[in-house]
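Me: I'd like to get to know this protein one question at a time. Please keep it friendly, and explain the terms as we go.

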Amino acid sequence: MPGEENFRRPFDRPAGSRTLRGAPAAPVREVEIKTFRFADDGKVPNHPRWPLLLYPQVLRPAGEDAAALFESVFAGNGWGGMWRDGVYPYVHYHSRIHEALGIVRGRARLRFGGESGAEIAVAAGDVAVLPAGTGHQRLEASADFLVVGAYPPEGEYDLCRTDAPADRDRALQTIPQVPKPRSDPLFGAGGPLTRIWE
């Protein structure tokens, strides 16, 4: 059963604080990170150790090219391979790389963790960081829904689907081998991802 936890370790704050403070570019806000853990459901492996991270309203996208804000922040923290699009409407996951999804505009209801996972409402300004193996799909979205995706330099992009058993067999071997990113896509080296994913 998926679990939601709040990030309970300090990040440049006194012990007991759950609000993040960093020294990133000005558009990145202090937020309370939510974590979600998903078990292997027989179709989607999910990650055996690391949770999905949700940074609600961490960026303030605005202007004609709000996607450029996400791209700039991600690139400034060493995440690349970026794209602009939506989220596939079918369950899929990546077995050789982690993924950041920055919600540029609109809103959507996404399901993470596979069919027995969690449905999470996302909106412009949110960022979700998925460890390798985390199932995800779009259930519904506004007409203007736009996402910027990004990846750490460690790993190799692949696309696995639940209707391909060979993908799952291979993924069970590759997911645990994907290294932890050297930097958080929003807060850089020493950011919360590097501490939560231990």
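Me: What share of Arg-109 is accessible, and is Arg-109 buried, exposed or in between?
Reply: The model is predicted, so local features need a pLDDT of at least 70 and side-chain atom pairs need 80 or more, while totals for chains, interfaces and linings use all residues. Residues are numbered from 1 along each chain as its sequence is written, and side-chain values use heavy atoms, leaving out hydrogens and water. Buried means under 20% relative accessible area, exposed means over 50%, and partly exposed is in between (1.4 Å probe, protein chains only). So Arg-109 counts as partly exposed, with a relative accessibility of 28%.

Me: Which residues join Arg-109 in one salt-bridge network?
Reply: A salt bridge here is a side-chain nitrogen of Lys or Arg within 4 Å of a carboxyl oxygen of Asp or Glu. Salt bridges that share partners tie Arg-109 into a network, and its other members are Arg-111, Glu-119 and Glu-140.

Me: How far apart along the chain are Glu-140 and Arg-109?
Reply: These two side chains meet in a salt bridge, at 3.5 Å from N to O. Glu-140 sits in strand β10 (residues 136-141) and Arg-109 in strand β7 (residues 107-112), so strands matter here: they are DSSP runs of E with at least two residues, helices are runs of H or I with at least four, and numbering starts at the N terminus. Glu-140 is partly exposed, at 45% relative accessibility. Along the chain, the pair is separated by 31 residues.

Me: How many salt bridges are there by this rule?
Reply: Side chains of opposite charge can pair when their charged atoms come close. Counting with the 4 Å rule, the total comes to 11.

Me: Which parts does the pair of Arg-84 and Asp-65 tie together?
Reply: Arg-84 and Asp-65 form a salt bridge whose closest N and O atoms are 3.0 Å apart. The two are 19 residues apart in sequence, so the pair ties together the loop between β3 (52-55) and α1 (67-76), where Asp-65 lies, and Arg-84's strand, β4.

Me: Which helix does Arg-84 reach through Glu-71?
Reply: Arg-84 also meets Glu-71 in a salt bridge, at 2.6 Å from N to O. Arg-84 is in strand β4 and Glu-71 is 13 residues away in sequence, so this pair ties the strand to helix α1.

Me: What is the volume of the largest pocket?
Reply: On a 1 Å grid over the protein atoms alone, a pocket is an open set of points with protein on both sides within 12 Å along at least five of seven lines, a cavity is a set where a 1.4 Å probe fits but cannot get out, and lining residues have an atom within 4 Å of a point. Points are joined across faces, edges and corners, and a volume is the space filled by probe spheres set on them. For the largest pocket this gives about 180 Å³.

Me: Which elements give two or more residues to the lining of the largest pocket?
Reply: The lining includes Trp-83, Asp-85, Tyr-88, His-92, Glu-99 and Leu-101. The elements giving two or more are β4 (80-85) and β6 (99-105).

Me: How many nonpolar residues are in that pocket's lining?
Reply: Ala, Val, Leu, Ile, Met, Phe, Trp, Tyr, Cys and Pro count as nonpolar, Asp, Glu, Lys and Arg as charged, and the others, Gly among them, as polar. That splits the lining into 4 polar, 2 charged and, for nonpolar, 6.

Me: What about Asn-46: what is its phi?
Reply: Asn-46 is found in the loop between β2 (34-37) and β3, and is buried at 2% relative accessibility. Asn-46 is also among the residues lining the largest cavity, along with Phe-36 and Trp-50. Most residues other than glycine have a negative phi. Asn-46 isn't a glycine, yet its phi is positive, at about 60°.

Me: Where is Gln-57, which also has a positive phi?
Reply: Gln-57 is not a glycine either, and its phi is about 50°. Gln-57 is partly exposed, at 34% relative accessibility. Its place is in the loop between β3 and α1.
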